[in-house]
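Let's take a friendly walk through one protein chain, starting at a single residue and working outward. Have a look at the structure, then read on.

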Amino acid sequence: MTAVSLRGTRDVRALERLYPRTTIARLAIIGALLAGIFFVRANVVVEPGPLFLVPLVLGAQWFGRIGGVSVGLIAAFVYAGARAVEAPQEVVDLVVATFVRVLLYAGVGYLIGRLYEQRAMLSEMVATQARELVELREVQAALAPPEAPPRPALDLASVYVPAEEGAAGDFYLVAPGPGDTTVMVVGDVAGHGLSAAKRAAFVRTTLATSAPYTDDPCKLLSLANTALLERAEPTEELVTAACLVYSPAEHRVRWALAGHPPPMWLDCGSPLASLRPSFPLGVEPDLVCEPGEMSVEPGRGFLMFTDGLSEARRAGGELFGTDRITTVVSGLSGQSPSEVVSRLRNAAEEFSGGHLPDDLCVVAARAAA
């Protein structure tokens, strides 16, 4: 191969790196169309009319506003050149006609290019939302499994209903703790969408990983808080959580709160005890946590929920509220956890007219008699 051919091959490859083959092909098509229209206008002495718009539309479609304006300007000067060849004596008319076509072709190219850019942007947004929806559903399946896993000496039930306006970051966890203890967590991330769901998934995974090693609810929340602060930049997507640890051997429950509503007794709907919650997770490096601890008689149970239940709204803005939760729960004294969570869900959906503005997550448990 000669030096000239080698240099030519390198030039072609360099051009392909700068401009992909599709781009080169499109530019060649536009150039060929302009050349053909020039030939028709210069030699056939026929006004090509809208033919100049064909390469203009292709340039706008393929390269957006810049392409539309650029091809429009080139088309205007191609027209001027062809007309100059056909009628070189009509200088004044040529200048005026060229000026008009510069404005017309450039303006049309800009408008068409803008329309195609907006269309491409909308298509990309739809595709992105579709991908995020698939990923969100996968994350949600991990955040709130359809059924709580079985645990020793506990009858467990849960319900999770995504918000109508896009899922948020509500989650629950039922996991084995040290010995035969059971760790239960209900949490909520401020915010909606995939980002909130991923943040919730991270907190839930951290708690699930830590649960086998400690039955101290404050320690579990502190570990999740530290991991959250180390993992991510400060954000407004704060995480509230209630952590409860039940020990069937000791018939004892311990719990702690990080900016979250307190657990309730399952049969009467009253809070377990007055307890000052700490800040939500992800706010301060040191989580100042106050634990609660009580004996649990066989047959008693507890209820945990996110604010999607208490803040279910009527059309006028009235909240479902904790008083209604207490009323529903106290009216179901002695019922199974599955019946309680089902009735609470139905009551909240009926109250809000079936339109939940936030995720609804409820977990109920009853100690074996």
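Is proline 357 buried, partly exposed or exposed? Its relative accessibility is 29%, and because partly exposed covers the range between under 20% (buried) and over 50% (exposed), proline 357 counts as partly exposed. Keep in mind that this is a predicted model.

Where does this proline sit? Proline 357 lies in the loop between α9 and β9. Leaving aside neighbours within four places in sequence, proline 357 is in contact with Ala163, His192, Glu311 and Arg313. Take arginine 313: it is 44 residues away along the chain, yet its C-alpha atom and that of proline 357 are separated by 7.5 Å.

Now step back to the helix before that loop. Helix α9 has 15 residues, numbered 337–351, so at 1.5 Å a residue it should span 21 Å; the C-alpha atoms at its ends are 21 Å apart, in agreement with that. Which residues of α9 are buried? They are Pro337, Val340, Val341, Leu344, Ala347, Ala348 and Phe351. These residues cover an arc of only 130° around the axis, which means that they lie on the same side of α9. The general rule behind this is that an α-helix has 3.6 residues a turn, so residues three or four places apart point the same way.

What does that buried side pack against? The table lists the elements that the buried residues of α9 pack against.

| Element | Residues |
|---|---|
| β1 | 154–161 |
| β8 | 301–305 |
| α7 | 307–310 |
| α8 | 321–330 |
| β9 | 360–367 |

After α9 comes glycine 353, whose phi is positive, near 70°.

Two of the strands in the table, β1 and β9, also belong together: they pair in the antiparallel sense over 8 bridges. Within this pairing, serine 158 stands opposite valine 363 in β9. Strand β1 is mostly covered, with 7 of its 8 residues buried.

Finally, here is the whole chain. Its secondary structure comes to 9 helices and 9 strands. Of its 369 residues, 42% are buried. If you consider contacts between residues at least 6 apart in sequence, 70% of them join residues at least 24 apart. On the outside, the chain exposes about 18700 Å², and carbon and sulfur atoms supply 59% of that area.

Note on methods
Residues are numbered from 1 along each chain as its sequence is written. This is a predicted model: local features need pLDDT of at least 70, side-chain atom pairs count only at pLDDT 80 or more; totals for chains, interfaces and linings use all residues. Side-chain values use heavy atoms; hydrogens and water are left out. Helices (H or I, at least four residues) and strands (E, at least two) are DSSP runs, numbered from the N terminus. The expected span of a helix is 1.5 Å times one less than its number of residues. Buried means under 20% relative accessible area, exposed over 50%, partly exposed in between (1.4 Å probe, protein chains only). The arc is that of the directions from the helix axis to the C-beta atoms. Contact means heavy atoms within 4.5 Å. Two strands pair if DSSP finds at least two bridges between them. Accessible areas come from the Shrake-Rupley method with a 1.4 Å probe; for residues, only the protein chains shown count as cover.
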